[in-house]
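Me: Please take a close look at one part of this model, the loop residues with unusual backbone angles, and then set that part against the buried interior.

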Amino acid sequence: MNITDCFYLGKITKPFGYKGEVDIFLDVDEPKNYAKLDAVFVELKGQLIPYFIQTIRLKNNHAVVQFQDVNTDNVQSLIGAKLYLPLAALPKLDGHKFYFHEVIGFSMKDANHGELGTLENIMDNGPQPIFQIKHPNGKEILIPIIDEFIVDVNRETRSMTTHAPEGLIDFYLT
C-alpha cells in the first residue's frame, strides 16, 4: 500500500495502561465512523505496515486501541507513529461537503467573477483552511474555506463555484 492511496487518520500519542494499549489522536471530523476498525496502516520508517486491532474504545477524538501482537515490551516503538487508511475507506460525501484531497485540480468559479482558475492546493496549516487557486494570468487567489462561500461542488465536471466576499478576488487580480 502506498501512502498516496491512503488518508491520514491520526497519530499514536502515548501508551495507555499496562497491557500494551495505545492512545490515538483521531484527526477526523466524525470519530464515531471509525469505531469498528479492524486494521490500520502504521507508518514506520517510511513504510506502511498493517496492524490488526483487537479492541478499540472511543472517547471524543481519541481512541484507546489494543493491537494484535503489541504488548508493554514493544509498545514504545509505535509512539508518535502516523496512522493511515485506504482512500476507499472514506465515507462518501455529497452536496457541498468534500474531502480536501478530492477537489485538488478542480476548476474554480466565482458567482460574481466567473472563472478563477485551477485549485492548486488547500492550505490547512493555520486556524482557517484556504483554497489556493492559480488564475490563468499566473496570479494566486486565496479564498477561505467557509461553508457560506461555497455555492456548488460538481464532482462530475470537477468544478466548484464560490461566492467570495466582495472585494476579495479584486484584491488578488488588480
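**Positive phi in the loops, and the cores**

Reply: In this predicted model, R158 is placed in the loop between β11 (150-154) and β12 (159-162). Its phi is near 50°, a positive value in a residue other than glycine. Most residues other than glycine have a negative phi. R158 counts as partly exposed because its relative accessibility is 39%, between the limits of 20% and 50%.

K45 also has a positive phi, about 55°, although K45 is not a glycine. The loop between β3 and β4 holds K45. With a relative accessibility of 86%, over the 50% limit, K45 therefore counts as exposed.

The strands on either side of that loop, β3 (39-44) and β4 (47-59), are among the elements that give two or more residues to the largest nonpolar core. This core has 23 residues, and L9, I12, I24, Y34, V40 and F67 have the most contacts inside it. Leaving aside neighbours within four places in sequence, L9 is in contact with residues including F25, Y34, V40 and L83. A second, separate core of 19 residues includes V103, M108, I143 and L168.

I141, in strand β10 (residues 140-144), has 0% relative accessibility and so counts as buried. Beyond four places in sequence, I141 touches L116, F131, Q132, I133, H135, I169, Y172 and L173. The C-alpha atoms of I141 and D170 are separated by 9.5 Å, with their positions 29 residues apart along the chain.

Notes:
Residues numbered from 1 in each chain as written. Predicted model: local features only at pLDDT ≥ 70, side-chain atom pairs only at ≥ 80, totals over all residues. Heavy atoms only, no water. Helix = DSSP H or I, 4+ residues; strand = E, 2+ residues; numbered from the N terminus. Buried < 20%, exposed > 50% of the residue type's maximum accessible area, 1.4 Å probe, protein only. Contact = heavy atoms within 4.5 Å. Core = buried A, V, L, I, M, F, W, Y, C linked by side-chain atoms within 4.5 Å.
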